[in-house]
Amino acid sequence: MSTPSTNITSMPPGPVIKSKLSRDDIVMRGGMVVIALYLIVTLAFPLYAMLSKSFSTYRFELSQYEMQVSDQDGVFDGTVLNPVDLNAATGAFEDADFSAGSDSRLAVTKLFPDFSFRSPVMYQIRNAQPGGRFLVGSTLHDDMEWLTLDSNSFRRVQLRPVKSTGVDNFVNYFSTPALFNSVKNSLVIAVISTVVTVTLAFWFAYALNRSCMRFKGVFRLIAMAPILVPSLLPGIALVYLFGNQGMLKELLFGASIYGPIGIVIGSVFFTFPHAFLIISTALAISDARLYEAAVSLRASPWRTFWTVTIPSARYGLISAGFVVFNLVITDFGLPKVIGGQFNMLAVDIYKQVIGQQNFEMGAVVSVVLIVPAIFAFALDRYVQSKQVATLSARSVPFQPSPNAKMDRIFLIYSSLIGLFIVGILAVCQFAALVKFWPYDLSLSLNNYQFDKMDGGGWNSYYNSIKLGLLTAVIGTSVIFFGAYLVEKSNGFRVGRSLFQMIAMLPMAIPGMVLGLAYIFFFNNPANPLNVIYGTMAILVISAVTHFYTVSHLTAVTALKQMDREFESVSASLKQPTMKLFTRVTVPVCLPAVLDISIYLFVNALTTVSAVVFLYSPKTSLASIAVLNMDDAGDIAPAAAMGMMIFYTNAGARIIHLILSKGVLRRTQAWRAR
Amino acid sequence: MTQATASGDLYLSITNLWKAFGEFLALKDISLDINEGEFICFLGPSGCGKTTLLRAIAGLDLQTKGEVLQDGKDVSNLPPSQRDFGIVFQSYALFPNLTIEKNIAFGLENTGRGKSEITARVNELLHLVGLPEQGKKYPAQLSGGQQQRIALARAIATNPGLLLLDEPLSALDAKVRVHLRHEIKELQRKLGVTTVMVTHDQEEALTMADRIVVMNQGVIEQVGSPTEIYREPANLFVADFIGEMNQLPATARGKAGISIGADSDIVKSQEHKFADGEAIVAAIRPEDVIPHANGSGTPDETDVIGDPENVFTVLIAEMEFLGSFWRCRLQNEYFCDSELIADLSINAVRRFELEAGKTMVVELPQNRLMAFPRSEAS
């Protein structure tokens, strides 16, 4: 045998072997393409529609028209009048009058100072260039024929604007201080809320993980409660506490709760559980050996804290910071309820779209809002990728030792936080049960007669349940299956990494922006998917897409824990992969599947921002009802509906818990030895 | 040497196989023939490409270039589901939520077999692997060795033509491992299934394989029966990787002669192809060194010296007791800075009254003294 050549450095040229695709490969790739298409249609296309909308400007162009005026007998002398010259002569319109929205109209009679709709004078008008458009009444004329009209009809002539593409909207936005100020406001509020929330949540998590205080279980439960309610509920509670007729109004020493103070306090409330969860996870995984080493080196507790505790929790802290920042800056419900005259970006979108029907400007604000959101998201992903597992298999879990003084301090601190959270919820519940705050404090259920209020009545509550269930079932199926295809299929590398990227995108897109983008995309009559506009379907799609990323990551994490070779074994046994999926993968991943469905259910019930532009009178939702009733001044019913959401979600959580335990006991017997 | 030793017909034929991961070549121009019913081991250090080759045979990670013929059929570009093999992984990959029975039955379903037929086959397999009572349990309730056997039963349930074992024993305790080695080999012999096993454990390969394929850095260094591989390594890598091998700098002298170091008297060696005077490496296994006398020079009357030229007087620098034998480090001016390691029987040490610091006479027998090119020395 000759000496083998271990130093070969290149392959001979020639074609590379291409695998024949098995049925499974085709099924899996097909599935992946379908789900990727779903994400493209429900995410990429709408966002593109919105982006192009933000660059669309509309303007009246007088030069596109020509007119003629007859004498008193209705005889034309053939003189063609140019409206531009007419305007120059009469000064009828300022330049600013020509700026328009997509639906604007401009009446032309102002160009003729002598115009009277009773006069016998006749008028002629035509489009001088192709593409010109004007209305007579509601009839559109876009040809170039002369149209002869009597005075009374000429009164009803309206010009339509010309669409062009450019940055005018953005220029307009940044030169309008009322709008531009919101950027600063949003950033300031988000930063302050982030610092406060992360600090409070860190010490709370620290108390729960590193002290021996009592009632840890209760505190953990309380800390998670805000996740179960819409973000605008704390706003309502704050109105009752510190508003114009609030019971603790004096505590603010004349400052108003309507504005930055209210937004920050409310933001701390609704972002607290998110920050707490992340930091708590970071603190829970700690290596006791590091602390033993610190003690043996005679480091003071203070020094140990800064050299061991903080560094090991730093990724958690940073991640929590980004998450809170993102939640606050994209939140709409809270500043809407308690913001008063203090403008924030998300509210601006709402005001532009709902209040002023200025969709282009709404799109511009959305684009502006996406920037910090994507920035925070990208930074967070970057930091997460830097994080390496600090805990090796040989780590010894940290066991806190009792310290009477510190434990008492932590208990007092945690009680204060707990009081804050429970207090907010209790105020809402109390206000909902009171007859007429603050004059008649006797209890009644009047505020639960939602059908008598503005906001959709009990129907909106049932709609919400329906939305929650549909989102949970459909969302979990689509997301888990998609994650499985990406995680476990062979080859198709480009397609798979592309899919992973698209799946991460929804997290960076604020709900308001997604909702607005859906208007532009799905409400376009030219879109065949237009039929779902105004139905429950679009709400489900919006909710699934909006909450896609977290669910996807949960699924991927669970799937990564499955043996990589299951698919290989199944293929070697000539069994279809889908059999493996239903008989092994899904049952083994059932805990994750249930987690995803409860996450989707709860969020579908509490979200306002993702659905506020998309509901129709038939599909009004509980969270929207809270918003609308509050808007209409029915604050107590709003609080009542908010608490209905809370109890529903709490109930769902309990059912989820019982179900998980039951299902686990039955199907996961194998876990026990 | 690539000729198969087992009697069966050619079953698996690999021709000019290449596998590239980006710039890195994991397999370089691999060609290999495997006969029906053979037990083949791919042996090599980690990263040598042995698992990559196995996965290419299975179709789990397709090769970049090259052909794989199985049972006369070109399977080069077929997906795993269209090939004929059963596989056992290091992790066993038993489905954790299915009972042992269901695990074994997994591949039997949808194959036109009736329920009772499947049950019968499962029971047969459980008996075959010696776990007849465990069918209702879940994998986590079995020991590692038992799980291993279930994975094996599942892999052979459908009577595949080829059994692939990817480091099947490396997750087990040493004792269980030795026991299972024997069982797997027995089972394979009984079933007569062509088997390819990947391992980095030379003992495993030597005891189980009909033929061993020694791999290194993406190429096959040698193919041969365990004794061939051990007694006639094709090169220094094989010599060094399998068993222990003394390597002494030497110079070629004639067709079957060498000088140890640069200038010892010419000693006889195996025939080699080196030119006279070429710098080479002389190699001999420690157990092949023959002791003849202690330093006082009184040769044993009964002792017969095979090659008088191949005798050296050495200083015993160190002796290490290893239970069944002594490992001795021997020095001689011709060995330069290298030491010659000799594994001497307890009997010989007693007979020659050997101890560290004394001198003794050893023979490097001609038929065990090999010559390799110097540049290969690792």
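Hi everyone, let me start with a label. The UniProt annotation "domain: ABC transporter", from an unreviewed entry, covers residues 12-242 of chain B. Over that span, chain B is 34% helix and 26% strand, and the end C-alpha atoms sit 26 Å apart. Please keep in mind as we go that this is a predicted model.

Let's stay with chain B for a moment. In total, chain B has 9 helices and 20 strands. Its C-alpha atoms fill a box of roughly 80 × 45 × 35 Å along the principal axes. Of the 378 residues of chain B, 47% count as buried. And if you take the contacts in chain B between residues at least 6 apart in sequence, 66% of them join residues at least 24 apart.

How is chain B divided up? The domain assignment gives domain 1, residues 10-240, and domain 2, residues 244-376. The C-alpha centres of these two domains of chain B lie 40 Å apart. Their contact takes 4 residues from domain 1 of chain B and 5 residues from domain 2 of chain B. On the domain 1 side, those residues are 2 nonpolar, 1 polar and 1 charged.

Now, where does chain B meet its partner? Here 44 residues of chain B are in contact with 35 residues of chain A. On the chain B side, the elements that give two or more residues are β1 (10-21), β2 (24-35), β6 (86-88) and β10 (219-224). The largest share, 4 residues, comes from β10(B). By class, this side of chain B has 23 nonpolar, 17 polar and 4 charged residues.

Two residues in chain B have a backbone angle I'd like to point out. As background, most residues other than glycine have a negative phi. B:Asp29 has a positive phi, near 55°, and it lies in strand β2 of chain B. The second is B:Glu167, with a positive phi near 45°, in the loop between β7 (162-166) and α5 (174-191) of chain B. Which of the two is buried, and which is partly exposed? B:Asp29 counts as partly exposed because it has 19 C-beta neighbours inside 10 Å. B:Glu167 has 20 other C-beta atoms within 10 Å, so it is buried. The cut-off for buried is 20 or more, which is why these two fall into separate classes.

Let's move over to chain A. The UniProt annotation "domain: ABC transmembrane type-1", again from an unreviewed entry, covers residues 183-380 and 461-656 of chain A. The stretch 183-380 of chain A is 76% helix and 0% strand, with its end C-alpha atoms 21 Å apart. For residues 461-656 of chain A, the figures are 76% helix and 0% strand, and the end C-alpha atoms lie 20 Å apart.

The domain assignment divides chain A into domain 1 (23-54 + 463-613), domain 2 (57-165) and domain 3 (171-226 + 241-410). The C-alpha centres of domain 2 of chain A and domain 3 of chain A lie 57 Å apart.

Next, a pair of helices in chain A. Helix α7 (residues 233-242) and helix α14 (residues 404-433) of chain A pack at an angle of about 75°, with their axes 9 Å apart. That angle makes α7(A) roughly perpendicular to α14(A). Who makes the contact? From α7(A) come A:Leu233, A:Pro234, A:Ile236, A:Ala237, A:Tyr240 and A:Leu241, and from α14(A) come A:Ile424, A:Val427, A:Cys428 and A:Ala431. By class, that contact has 10 nonpolar, no polar and no charged residues.

Another helix to find on your screens is α12 (residues 345-355) of chain A. It is largely enclosed by the rest of the structure, because 8 of its 11 residues are buried. Among them are A:Asp348, A:Tyr350 and A:Gln352. The buried residues of α12(A) pack against α5 (177-210), α10 (301-330), α11 (333-338), α13 (359-386) and α17 (511-522) of chain A. After α12(A) comes A:Gln357, whose phi is positive, near 55°.

Last stop: A:Gly491, in the loop between α15 (457-488) and α16 (493-508) of chain A. It counts as partly exposed because it has 15 C-beta neighbours inside 10 Å. What lies 472 residues away from A:Gly491 in sequence? That is A:Ser19, and in space the two are 9.3 Å apart, C-alpha to C-alpha.

Thanks for listening!

Conventions. Residues are numbered from 1 along each chain as its sequence is written. Chains are lettered from A and ligands numbered from 1 in the order in which they are written. This is a predicted model: local features need pLDDT of at least 70, side-chain atom pairs count only at pLDDT 80 or more; totals for chains, interfaces and linings use all residues. A residue is buried if 20 or more other C-beta atoms lie within 10 Å of its own, exposed if 12 or fewer, and partly exposed in between; C-beta atoms are placed from the backbone. Two residues are in contact if their C-beta atoms, placed from the backbone, lie within 7 Å. Ala, Val, Leu, Ile, Met, Phe, Trp, Tyr, Cys and Pro count as nonpolar, Asp, Glu, Lys and Arg as charged, and the others, Gly among them, as polar. UniProt positions are given in the numbering used here, feature names are shortened, and annotations may be inferred rather than shown by experiment. Domain bounds come from an automatic or database domain assignment. Axes are lines fitted to C-alpha atoms, for helices over the stretch in contact, and angles run from 0 to 180 degrees between N-to-C directions. Angles under 35 degrees count as roughly parallel, over 145 as roughly antiparallel, 65 to 115 as roughly perpendicular and the rest as oblique.
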